[in-house]
Amino acid sequence: MSLAKTIYLFRCGESGLYAFTADPSGHVLPSRIYPQIRWRFERCVTLRPDENSLKHKIASKILDAIAEHGFHLTHAAVNAEHCTTL
């Protein structure tokens with residue numbers, strides 16, 4: 001990760017389920033899990049290179065998932081640092 005990268009954080013309704021994606025519209029996010037699922041944009045996240053930080057490890061994991069699947073799902077009850085430290 002050599003340059004700053006902007007990704008987008010969405011939240012599934014009022015639940016603790018969050019998704020990171022490079023798609024600002026959120027259209028790539030899974031919607032067939034439950035018919036009434038609604039993703040709501042929360043905020044932009046700018047990731048900057050800093051290979052010696054915990055943020056770098058988290059960001060690398062998220063970016064790898066986005067590259068492979070188009071998004072990265074996380075739940076605040078399990079990975080609160082994904083939503084709060086980035």
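**Exercise 1.** In this predicted model, decide whether Phe41 counts as buried, partly exposed or exposed.

*Solution.* Step 1: the relative accessibility of Phe41 is 40%. Step 2: buried means under 20% and exposed over 50%, with partly exposed in between. Step 3: Phe41 therefore counts as partly exposed.

**Exercise 2.** Classify the aromatic pair of Phe10 and Phe41, and locate both residues.

*Solution.* Step 1: the ring centres are 5.6 Å apart, and the planes make an angle of 75 degrees. Step 2: planes over 60 degrees apart count as edge-to-face, and this pair is edge-to-face. Step 3: Phe10 belongs to strand β1 and Phe41 to strand β3, with their positions 31 residues apart in the sequence. Step 4: Phe10 is buried, at a relative accessible area of 4%.

**Exercise 3.** The structure holds two aromatic pairs; classify the one made by Tyr8 and Phe41.

*Solution.* Step 1: the centres of the two rings lie 6.5 Å apart. Step 2: the planes stand at 50 degrees, so the pair is tilted. Step 3: Tyr8 is in strand β1 and Phe41 in strand β3, so parts 33 residues apart in sequence are tied together. Step 4: Tyr8 counts as buried at 16% relative accessibility. Step 5: Tyr8, Phe10 and Phe41 make up one aromatic cluster.

**Exercise 4.** Describe the sheet, and explain why β3 and β4 each have one side without a neighbour.

*Solution.* Step 1: four strands, paired antiparallel, form an open sheet in the order β3-β1-β2-β4. Step 2: β3 (39-47) and β4 (71-75) are at the edges with a single partner strand each, so one side of each has no neighbour in the sheet. Step 3: strand β1 (residues 5-12) is joined to β3 by eight bridges.

Note on methods
Residues are numbered from 1 along each chain as its sequence is written. This is a predicted model: local features need pLDDT of at least 70, side-chain atom pairs count only at pLDDT 80 or more; totals for chains, interfaces and linings use all residues. Side-chain values use heavy atoms; hydrogens and water are left out. Two strands pair if DSSP finds at least two bridges between them. Helices (H or I, at least four residues) and strands (E, at least two) are DSSP runs, numbered from the N terminus. Rings of Phe, Tyr and Trp (its six-membered ring) pair if their centres lie within 6.5 Å; planes under 30 degrees apart count as stacked, over 60 as edge-to-face and the rest as tilted. Buried means under 20% relative accessible area, exposed over 50%, partly exposed in between (1.4 Å probe, protein chains only).
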